Structures are given as structure tokens and as C-alpha cells.
Amino acid sequence: EDVQRDQPVNIINVDEVGQESKCYTTERLAANGFSHSLEDEEFELFFHGTNHDSAQDIMKSGINLIKGSKRRDFSHGDGFYVGKSFVKAFDWSLRRSRRGRPNRSAVLVFRVAKIELRGNNNENGLDLRDLRDPVTKTEWERVVKEFRSGAACLDFIIDVNERYQFIEGPMASLPSLEPKEDSYQLCVRKQNCVQLFKRCLHSAVFFDN
């Protein structure tokens with residue numbers, strides 16, 4: 001109620017039967033007019049895997065960057081991560097619950113206008129997706145090492161935050177810090193981008209697991 005949104009959030013509850021039949025997969029959801037049908041030339045979909053309590057907190061109060069984990073690829077306690085795969089977001093939420101967290105799994109679905117997110121010429125974010133480009137790969141390695149070290153220099157952080165609303169690119173495998181094949185993540189880093197994602201929360205899927 002405290003967060004202004006483009007539309008009401010859809011609440012989707014998945015019980016054990018639905019989970020067993022994998023009704024949450026993008027392929028099945030697309031058949032039901034949900035996931036893929038929401039993405040087109042104007043809008044992008046992003047997914048965030050979490051637990052029931054955190055999902056409800058985000059719905060009620062919005063995204064809080066300072067709740068981010070330490071020593072991540074594109075942040076150090078100051079980022080919010082989303083991906084492009086519903087299934088991977090759900091798998092991530094399950095892995096977190098298996099680490100002793102009792103809360104059940106949830107996936108948040110964000111439907112974001114491309115022009116609002118990226119700008120006219122993709123200038124709003126640091127795009128590190130194409131590591132076939134040697135310059136991009138070198139920059140990806142530098143960014144990951146800075147944040148993963150937990151001691152990124154102040155000048156580096158200031159420069160990143162002044163220039164970019166978000167960072168996107170492959171995930172790093174540990175401990176080698178090599179890019180994971182076929183992986184993707186977008187890290188929200190600034191409040192303008194936070195407000196955009198808060199407005200564009202489309203659905204919350206709660207799993208009874």
C-alpha cells in the first residue's frame with residue numbers, strides 16, 4: 001500500500017501439486033498467457049528468487065539496496081539482483097531455503113519498460129554481457145574482482161554509481177571468478193532504478209514448499 005505501482009500486483013500461490021507438475025516453468029506459464037506473453041519489444045521481464053517474508057516485505061515497503069549480500073559480482077552490500085529466467089530464480093530460492101532458512105520459496109516478476117530502464121541508447125547501465133569483446137571481458141573481470149574483494153576502492157564505487165543505474169552481465173564462478181556459461185544477472189545499484197523496479201512489480205509467486 002505504501003508503494004506506488006503501475007498496476008496491482010498479481011498474487012499466485014503454487015501448492016505441492018502445482019510444484020510437482022512444474023506449473024511454474026516458463027514454458028507452462030507461457031501456455032497460460034503469463035510469462036513470455038508479457039515480454040515484447042516494449043517490455044522486459046526480470047525475476048528475483050527469495051522467500052515468503054522477503055517477498056512480502058518488498059511488496060509492502062519496496063527494495064532496500066543496503067540489504068544486499070556482501071562480496072557479490074556487481075555489488076558489496078549495496079545491490080538488488082534479478083535475472084531473466086523464472087526457473088533459475090526459483091532454483092535459487094530453493095537453494096537458499098536449504099541453507100537453514102525456514103521460509104518458503106517465492107519469485108517476484110518485474111515487467112519493466114525498456115526505454116525507462118535502458119535509456120535511448122542503452123546508456124543507463126554498464127553492459128558487460130558480450131564477453132567475446134576483449135574490452136568488455138577485461139572490464140567484467142575488473143568489476144567482479146573489485147566487488148568480490150570486499151575492498152573496492154572508493155573512487156571505483158563513486159565512478160560506477162555516478163555513471164550507471166545498474167550493471168548487467170554473466171555470473172562469476174567461484175573460486176576461479178571465470179564467467180559461468182549461459183548465465184545472466186542484472187544488479188540494481190541506484191535509487192532511480194530502484195524506484196523503477198518498485199513501480200514495475202507485476203506478480204509475486206508463492207510456493208508451498
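These are my notebook entries on one predicted model.

**Entry 1. The chain as a whole**

I began with the secondary structure, and the chain has eight helices and 10 strands. I then looked up burial: of the 209 residues in the chain, 46% are buried. For the surface, I noted that the chain exposes about 11300 Å², and that carbon and sulfur atoms supply 47% of this area. I also looked at how contacts are distributed along the sequence. Among contacts with a separation of 6 or more, 74% are between residues 24 or more positions apart.

**Entry 2. Strand E10 and its neighbours**

I turned next to strand E10, which covers residues 201-207. Is this strand mostly covered or mostly exposed? I found seven of its seven residues buried, so by the cut-off of under 20% relative accessible area the strand is mostly covered.

I then looked up its pairing partners. Strand E1, residues 10-14, pairs with E10 in the parallel sense over five bridges. Within E10, Ser203 stands opposite Asn10. Strand E4, residues 105-113, also pairs with E10, in the antiparallel sense and over five bridges. Here I recorded Val205 of E10 as the bridge partner of Val107. As background, I note that strands of a sheet pair through backbone hydrogen bonds, either parallel or antiparallel.

**Entry 3. Aromatic pairs**

How many aromatic pairs does the chain hold? The count comes to six. I examined Phe90 and Phe207 in detail: their ring centres are 4.2 Å apart and their planes stand at 35°, so I entered the pair as tilted. Phe90 belongs to helix H4, residues 86-98, whereas Phe207 belongs to strand E10. The pair therefore ties together parts that are 117 residues apart in sequence. I found both Phe90 and Phe207 to be buried.

I looked next at Phe147 and Phe156, an edge-to-face pair with 5.3 Å from centre to centre and 65° between the planes. Why is this pair edge-to-face and not tilted? Its planes are 65° apart, and the class edge-to-face applies because the angle is over 60 degrees. Are the two residues buried or exposed? Phe147 has a relative accessible area of 1% and is therefore buried. Phe156 has a relative accessible area of 4% and is therefore buried as well.

I also recorded one aromatic cluster, formed by Phe46, Phe80, Phe110 and Phe197.

**Entry 4. Charges over rings**

I searched for charged side chains over aromatic faces. Lys84 lies over the face of Phe46, at 4.4 Å from the ring centre; Phe46 is one of the residues in the cluster noted above. I also found the charged end of Arg111 over the ring of Phe43, 3.9 Å from its centre.

**Entry 5. The four-stranded sheet**

Which strands make up the open sheet, and in what order? I read four strands in the order E3-E9-E6-E5, with mixed pairing. The edge strands are E3 (80-82) and E5 (125-127), and each pairs on one side only. I noted an average twist of 20° from one strand to the next.

At the E5 edge I looked up the pairing with strand E6, residues 166-169: three bridges join the two strands, which run parallel. Asp127 stands opposite Glu168 in E6. Phe80, a residue of the aromatic cluster, falls within the range 80-82 of edge strand E3.

Methods. Residues are numbered from 1 along each chain as its sequence is written. This is a predicted model: local features need pLDDT of at least 70, side-chain atom pairs count only at pLDDT 80 or more; totals for chains, interfaces and linings use all residues. Side-chain values use heavy atoms; hydrogens and water are left out. Buried means under 20% relative accessible area, exposed over 50%, partly exposed in between (1.4 Å probe, protein chains only). Two strands pair if DSSP finds at least two bridges between them. Rings of Phe, Tyr and Trp (its six-membered ring) pair if their centres lie within 6.5 Å; planes under 30 degrees apart count as stacked, over 60 as edge-to-face and the rest as tilted. A charge sits over a ring if NZ of Lys or CZ of Arg is within 6 Å of the ring centre and within 35 degrees of the ring normal. Axes are lines fitted to C-alpha atoms, for helices over the stretch in contact, and angles run from 0 to 180 degrees between N-to-C directions. Contact means heavy atoms within 4.5 Å. Accessible areas come from the Shrake-Rupley method with a 1.4 Å probe; for residues, only the protein chains shown count as cover.
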